[in-house]
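Please look at the sequence and the model below, and follow one strand and its aromatic neighbours through the fold.

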Amino acid sequence: MKRLGLLGLLALVLAACFPNPVDVAVDRAIDTGIEQAVFKVLPQNDLPFQDDFEGYPVGSMLLRAAPHDYRVWDEGEAKTPVYVVETTGPEGRVEHAAAVEYPEVDEGRRHALTTGADGWTDYRVEMVFKTRDNPWWAYTHIGTHGRRALVLKVHSRAAYLYKEVAGERSLVARRDLSQTYNDGDWHVLTAEVRPGALTLRVDGEVLVDYQDAGPAFYGGGFGVQANWRGSRFVISRWAFAPLP
C-alpha cells in the first residue's frame, strides 16, 4: 500500500536505509528498509518518501489521485498522461505501476513526472522501472520549480549528463554503457544526490558519477520523462530517503 509499516527521485535518486541494488530477475521482494513514509503538501513534503502505486485505482490519473505527492515539470497537469496501470511486476505478480506516456499527437512539449521538494538534498533514490523508449530521460536536482536541473539522457549505449537552466542545456559528462536498459525488462535505478555531486547506477552499472554540480543544483526532486511519440516509461515503485 502507499503508506507502508518501497520514483525519490531521486529515493531518484541510504547506505543505511537501502540495501545494495538487487537483480530484478531474482524472484524476491525489494526491501528498501523504510518502515513509514511521510507525506506533506508540495513543495514542503519531507523525506523519506515512497510509493508502490497500489493505493490508486487502475486507470486513474496519478496527478489527480495524489496531487500532494506529485507534480509535472513545465507542463499542465491535465495534459500530462501519467496513469496508474496494471502490470506484471519484477517478482512475477500482478501489481499497480505508474505509466508516464507521451501522447500519439506530438505537441512538442515535455511530459516529466516529478516528486520531491526544492529543499531536498543529501538523499538516495531507488526506482524499479522498465521502458522501450530510446533515449530515456531522468531528472534530478529540480530546484526552483524546475528551472534548474541535472538531466540524464540514456541513448545509443551511452549516458549523457546535462545542466539545464531555463530550458538551455549544456553537456557536462558522457559515459559509454553496456546497454541502454530500454528492453522492456525491469531494472533498478539508484542515485545518490549530494551537494555538488551525483552518482547514478542502473543494475549496479555506473551511468553518472559527477562532481561539482554547482550551488544552483544542490537540491530538488527527481523525475522521469517519456520521450518519443507513443512511448511509455513504467515505474513499479520508487523510494527516497535521506543519506546518513
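In this predicted model, a good place to begin is Phe240, which is buried, with a relative accessible area of 0%. Phe49 is likewise buried, and its relative accessible area is given as 0%. Because the limit for calling a residue buried is set at under 20% relative accessible area, a value of 0% places Phe240 within that class, and the value of 0% for Phe49 does so as well.

How are these two rings arranged with respect to one another? A pair of aromatic rings is described by the distance of the centres and the angle of the planes. The structure holds 15 aromatic pairs, and one of them is formed by Phe49 and Phe240, whose centres are 6.1 Å apart and whose planes make an angle of 55°, so that the pair counts as tilted. This contact links distant parts of the chain, since Phe49 belongs to strand 1 and Phe240 to strand 15, with the two positions 191 residues apart in the numbering.

The backbone brings the two residues together as well, for Phe49 stands opposite Phe240 in strand 15. Strand 1, which covers residues 49-51, runs antiparallel to strand 15 and is joined to it by 3 bridges.

Strand 15 itself spans residues 232-242 and is mostly covered, with 9 of its 11 residues buried. Strand 4 (residues 94-101) is also antiparallel to strand 15, to which 4 bridges join it, and in this pairing Ala98 stands opposite Ile235. Strand 6, made up of residues 123-131, pairs with strand 15 in the antiparallel sense over 9 bridges, and here Tyr123 has Pro242 as its bridge partner in strand 15.

A further ring contact of strand 15 can now be considered, after Phe240, which is buried with a relative accessible area of 0%. Phe222 and Trp238 form an aromatic pair that is edge-to-face, with 6.4 Å from centre to centre and 75° between the planes. This pair, too, links distant parts of the chain: Phe222 is in strand 14 (residues 221-225) and Trp238 is in strand 15, 16 residues apart. Both Phe222 and Trp238 are buried.

Taken together, these contacts belong to a wider arrangement, in which ring pairs link Phe49, Phe53, Tyr56, Tyr70, Trp120, Tyr123, Phe222, Trp238 and Phe240 into a cluster. A ring contact of another kind involves a charged side chain, as Lys153 lies over the face of Tyr160, at 5.8 Å from the ring centre.

Note on methods. Residues are numbered from 1 along each chain as its sequence is written. This is a predicted model: local features need pLDDT of at least 70, side-chain atom pairs count only at pLDDT 80 or more; totals for chains, interfaces and linings use all residues. Side-chain values use heavy atoms; hydrogens and water are left out. Buried means under 20% relative accessible area, exposed over 50%, partly exposed in between (1.4 Å probe, protein chains only). Two strands pair if DSSP finds at least two bridges between them. Rings of Phe, Tyr and Trp (its six-membered ring) pair if their centres lie within 6.5 Å; planes under 30 degrees apart count as stacked, over 60 as edge-to-face and the rest as tilted. A charge sits over a ring if NZ of Lys or CZ of Arg is within 6 Å of the ring centre and within 35 degrees of the ring normal.
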